[in-house]
Each structure stands twice: as C-alpha cells, then as structure tokens.
Amino acid sequence: MRDTLVLNASFEPLSTVSLNRAVVLVLQDKAVVEASHPELRMRAAAVDLPVPRVIRLLRFVRVPFRRQAPWSRRGVLVRDRHRCAYCGRRATTVDHVVPKSRGGGDTWLNTVASCAPDNHRKANRTPEQAGMPLLFEPYVPTPSDAMLLALGTDGLAGLPDWLPEPAAAA
C-alpha cells in the first residue's frame, strides 16, 4: 500500500493517506498533485492522472498545535528505522532504557528499538549495568518528522527537494 503525503495549503505536512484517498481528493478538486511517481499513471475512461506521492490541499486546514508526536511502539521502531540501538541489526521490539520496573515510562527519550536477543540480554537493567552502550541517543521527533519517517527511506527518496528532511535522516 502506497502512502501519499498530504500538505496543507501552506505546504506544511499534515498527514499521510492511502493512494485511493489521495486520488479521490485530487479528483474532487480538493487537492493538487505536487509530486508524483515518475513512470506510474492511473487511467480510466475519462481520467489520466499521475500516481501521487505528495498532494497539497487547496484550502488551508487549521490544525491544533502539537509540540511533539504521540508516543507509540510503532513510532519508536519507525524513528529508529527498525535498527537495534545496541547492535545495529534489525529491530523487532521496543526496549526501555530505564526499565519500567525501575520507574522508566513509555516516553520517546526512554525507549529505543531493539532486537529480541539484545532486549532479552539487557533484561531488567540499564544499558550501563548490562554493559550494552547505545549506538545512538533517543530523541523526540516533531509531528512532521514522525510523518515523514513513516513514509520510509524509499518514500523519502522520491520526495521534492523543498520538503525538509526529518531530523534523523539529515
């Protein structure tokens, strides 16, 4: 399933939508295609449309200000690009830097992506106690960073140059 980035009329990233929803917004004249897949087109009897990667709404949508993206396990894996913070291999779980049993919570700065063996090996200890230093420090992504990271690294490659890259990709 291809995700399409939706920009506000002011070119701010708003969300990602499915390809079908993006096409409907364009066909209803609620959005325009800002960037498309180079060789892919959607064709029907009366329609010939490039497959959108980025669309921009024609009317400005007021969005409540969010200082940071909401925390989620999926968000941590996406932020860390599914790479283990301890060994660099493919991560499938989320590990708490300060274990929950020792007062650590589900926050962006206390969780990192981890492979199952390293998560099990670290167990109920801090990285220092386990002798497992972090390869990178966890950070709090902005809402727009989280959205762009959710598109994945292959999704970022085809985006226009004028869109800001997420903090982790820079």
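**Exercise 1. A loop residue with an unusual backbone angle**

In which loop is Asp-29 found? Locate the residue in this predicted model, then describe its backbone and its exposure.

*Solution.* Start with the place: Asp-29 sits in the loop between α1 (19-27) and β3 (31-43). Next, look at the backbone. The phi angle of Asp-29 is near 55 degrees, a positive value in a residue other than glycine. Finally, check the surface: Asp-29 has 60% relative accessibility, so it counts as exposed, given that exposed means over 50%.

**Exercise 2. A second residue to set beside Asp-29**

Find where Ala-123 lies and work out its exposure class.

*Solution.* Ala-123 belongs to the loop between α3 (116-122) and α4 (127-130). Its phi is near 55 degrees, again a positive value in a residue other than glycine. Now the class: the relative accessible area of Ala-123 is 45%, and therefore the residue is partly exposed. The cut-offs that matter here are 20% and 50%, with partly exposed in between.

**Exercise 3. The surroundings of Thr-111**

Is Thr-111 buried or exposed? Place the residue in its element and trace what its side chain reaches.

*Solution.* Begin with the element: Thr-111 is in strand β6, which covers residues 111-114. Its relative accessibility is 0%, so Thr-111 counts as buried. Now follow the side chain. A polar contact of 2.9 Å links it to the side chain of Trp-71, and the side chain of Thr-111 also reaches the backbone oxygen of Thr-107 at 2.7 Å. To finish, widen the view to contacts beyond the neighbours within four places in sequence: Trp-71 turns up here too, and the list also includes Val-76, Arg-79, Val-94, Asp-95, His-96 and Pro-138.

**Exercise 4. Cysteines and disulfides**

How many disulfides does the count come to? Explain the result for Cys-84 and Cys-115.

*Solution.* The count comes to 0 disulfides. Take Cys-84: the nearest cysteine sulfur, that of Cys-87, is 3.7 Å away, and Cys-84 is in no disulfide. For Cys-115, the nearest cysteine sulfur is likewise that of Cys-87, 3.8 Å away, and Cys-115 is in no disulfide. The reasoning rests on the cut-off, because a disulfide needs a pair of cysteine sulfur atoms within 2.5 Å. As for exposure, Cys-84 is buried because its relative accessible area is 0%, and Cys-115, at 4% relative accessibility, counts as buried.

**Exercise 5. The largest pocket**

What is the volume of the largest pocket, and which element gives the most to its lining?

*Solution.* The volume is about 740 Å³. Of the 29 lining residues, Pro-13, Leu-14, Pro-143, Ser-144 and Met-147 are the closest to the centre of this pocket. Then go through the elements: β2 (13-18), α2 (73-79) and α5 (143-150) each supply at least two residues of the lining. With 6 residues, α5 gives the most. Sorting the lining by class yields 17 nonpolar, 6 polar and 6 charged residues.

**Exercise 6. The chain as a whole**

How many helices and strands does the chain have, and in what order do they run?

*Solution.* The chain has 6 helices and 6 strands. Reading from the N terminus, the order is β-β-α-β-β-α-β-β-α-α-α-α. To round off the picture, note that 40% of the 170 residues in the chain are buried. Among contacts with a separation of 6 or more, residues 24 or more positions apart account for 59%.

Technical notes:
Residues numbered from 1 in each chain as written. Predicted model: local features only at pLDDT ≥ 70, side-chain atom pairs only at ≥ 80, totals over all residues. Heavy atoms only, no water. 1 Å grid on protein atoms, 1.4 Å probe; cavity = no way out; pocket = protein on both sides within 12 Å on 5 of 7 lines; lining within 4 Å. Points joined across faces, edges and corners; volume = space filled by probe spheres on them. Helix = DSSP H or I, 4+ residues; strand = E, 2+ residues; numbered from the N terminus. Nonpolar A, V, L, I, M, F, W, Y, C, P; charged D, E, K, R; others polar. Buried < 20%, exposed > 50% of the residue type's maximum accessible area, 1.4 Å probe, protein only. Polar contact = N/O pair within 3.5 Å; in protein donor to acceptor, adjacent residues only side chain to side chain. Contact = heavy atoms within 4.5 Å.
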